[in-house]
Amino acid sequence: MVRITRKIEFSSAHFYNNPNWSAEENRRVFGKCANIHGHGHNYVLEVTVAGEPDPETGMVLDLKELKKILQREVGDRLDHRHLNYEVPELAGKIPTCENIAMMIWGLLEPKIKQGKLDRIRLYESPDLFAECVADSVASNGRQPSRGPA
Amino acid sequence: MKVSLGRRYRFAASHRLHNEKVSADENRRLYGKCNSPFGHGHNYVVEVTLAGPVDPATGMIANLGELDPFVEKEVIDAFDHKYLNEEVPEFQRLVPTTENVAREIFRILEKFPAAKLERVKIEETSKNSFEYCGRLERTGRTNE
C-alpha cells in the first residue's frame with residue numbers, strides 16, 4: 001500500500017458564535033474568535049489517499065485528477081468565502097477547524113474512486129490543525145490492501 | 001473516521017546526554033558530541049494531538065482558551081530556558097534524550113482534563129523528531 005498526499009490552500013473568513021448563548025457567554029468561551037465582524041486564515045489542507053499503484057500507470061491516483069477534485073470540492077467552495085454565511089454544508093455549525101475538516105472529509109470521501117481517502121490534515125495556522133483519519137487506520141495503523149480499480 | 005486536534009508549542013532548553021552508570025569513555029562512545037560536559041541546547045517544537053468527541057455547542061475537541069494556558073503552565077514554564085538535566089526533576093534520574101522528553105511531556109499533558117491526549121511529537125531540530133503515544137509504546141524516531 002502506498003500513500004500519496006496533495007496540498008491545497010484556501011483563504012476564508014469566519015467567527016465563532018453559538019446562537020443559544022448570550023454575547024457575553026460567546027465572548028467568554030470563544031474569546032477573540034467571537035468577534036462578529038469575523039477574521040480570516042490562510043488554510044492549508046493536506047489530503048492523503050492510500051492504495052496500490054496501478055501496474056499500468058504506476059499511480060495510486062493521478063495527482064492531476066486529485067488536484068481537480070480538490071479544486072472543485074474545496075477550493076471553489078471555500079476559497080475567499082465567509083464560512084459562516086456562504087457554505088451551506090456548514091450551516092448550523094460553528095466553523096472550527098474540527099468542523100471544517102469533518103465537512104471536507106464528507107465531501108471528499110465519496111469522490112475518491114481510485115485508492116481510498118486515508119487522512120486529511122487541515123491547518124488553520126502553522127501551529128493549529130485538525131486531522132481526520134480513516135477508521136481502519138485509526139484502529140490498528142494498517143490499511144487493508146486494495147488493488148487497482 | 002476519527003478526528004483529532006493538533007497544536008504546536010515551542011521551548012528552548014539545554015541538555016546533556018550522560019549516563020552516570022557508565023564510564024566517561026562509554027558515555028562519549030554512546031552519545032558523541034551530545035555528551036559534551038557543558039551541555040548544549042535546542043529549539044524544541046512540541047506538537048500535541050488530542051482526540052475525542054467534538055462538542056456540538058462549541059464545535060471543538062478542546063478549547064484553546066483552556067489548552068494553551070494548561071500547556072504553558074505545565075510544560076513551557078517548566079522547560080523553557082532551563083537546563084533539563086538539573087532543572088526538570090524527572091531528568092535527575094533519566095537521561096534527557098528527546099525520547100524521554102516526549103514521554104515526560106506526555107505524562108504531564110495526560111492530566112489535561114477536557115480531552116484525551118493521543119500523541120506528543122517533539123521536533124528536537126528540523127531533522128529529528130520523536131513521537132510518543134502512551135501505553136501502546138508506539139514510539140517512533142525519524143533521523144535523517
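Me: What does each chain bring to the contact between chain A and chain B?

Reply: In this predicted model, 21 residues of chain A and 16 residues of chain B take part in the contact. A pair of residues counts as being in contact when their C-beta atoms lie within 7 Å. On the side of chain B that touches chain A, strand E1 (residues 2–15) of chain B has the largest share, with 7 residues.

Me: What makes up that side of chain B by residue type?

Reply: It divides into 7 nonpolar, 6 polar and 3 charged residues. Glycine falls under polar in this scheme.

Me: Why are strand E5 of chain A and E1(B) called paired?

Reply: Pairing asks for at least two bridges between the strands. Strand E5 (residues 128–133) of chain A is joined to E1(B) by 6 bridges, so the pair meets the condition. The two strands run antiparallel. Within this pairing, A:Phe129 stands opposite B:Gly6.

Me: How far does the predictor trust the complex, by its ipTM and pTM?

Reply: It gives the complex an ipTM of 0.85 and a pTM of 0.88. Chain B has an average pLDDT of 93, and 94% of its residues score at least 70.

Me: Where in chain B does pLDDT stay under 50?

Reply: That happens over residues 137–144 of chain B. The scale runs from 0 to 100. For this stretch the model has 9 contacts beyond four places in sequence.

Me: What makes a set of residues a nonpolar core, and how many residues has the largest one here?

Reply: The members must be buried, belong to the nonpolar types that count, and be joined through C-beta atoms within 7 Å. The largest set that satisfies this has 59 residues. Those with the most contacts inside it include A:Leu45, A:Ala101, A:Ile104, B:Ala102 and B:Val120, so residues of both chains appear in the set. Helix H3 (residues 97–108) of chain A gives the most to this core, 8 residues. Apart from it lies another core, of 5 residues, among them A:Phe15, A:Tyr16, A:Phe30 and A:Ile94. In soluble globular proteins, nonpolar side chains tend to be buried together.

Me: Which residues does A:Leu45 touch?

Reply: Leaving out residues up to four places away in sequence, A:Leu45 touches A:Lys7, A:Ile8, A:Val74, A:Ile104, A:Ile120 and A:Leu122.

Me: Why is A:His80 called exposed?

Reply: A residue is exposed if 12 or fewer other C-beta atoms lie within 10 Å of its own. A:His80 has 11 such neighbours, so it counts as exposed. A:His80 is found in the loop between helix H2 (63–78) and strand E3 (81–82) of chain A.

Me: Is B:His81 exposed or buried, and what makes it so?

Reply: B:His81 has 12 other C-beta atoms within 10 Å. The limit is 12 or fewer, so B:His81 is exposed. The residue is placed in the loop between H2 and E3 of chain B.

Me: What makes the phi of A:His80 worth a remark?

Reply: Phi of A:His80 is positive, about 55 degrees, although the residue is not a glycine. B:His81 likewise has a positive phi, near 55 degrees, and is a residue other than glycine. Most residues other than glycine have a negative phi. B:His81 comes just after H2(B).

Me: Where is helix H2 of chain B kinked, and by how much?

Reply: Helix H2 (residues 64–79) of chain B has a kink of about 40 degrees, centred on B:Glu72. The angle is taken between axes fitted to the seven residues ending there and the seven starting there.

Me: Which residues of H2(B) are called buried, and what covers them?

Reply: The buried residues are B:Leu67, B:Val71, B:Val75 and B:Phe79, which means that each has 20 or more other C-beta atoms within 10 Å. In an α-helix, residues three or four places apart point the same way. The cover over the buried residues of H2(B) includes E1, strand E2 (40–51) and helix H4 (98–109) of chain B.

Me: How many helices and strands does each chain have?

Reply: Chain A has 4 helices and 5 strands; chain B has 4 helices and 6 strands. Buried residues make up 34% of the 149 residues in chain A and 30% of the 144 residues in chain B.

How values were computed
Residues numbered from 1 in each chain as written. Chains lettered and ligands numbered in written order. Predicted model: local features only at pLDDT ≥ 70, side-chain atom pairs only at ≥ 80, totals over all residues. Contact = placed C-beta atoms within 7 Å. pLDDT = per-residue confidence, 0-100.
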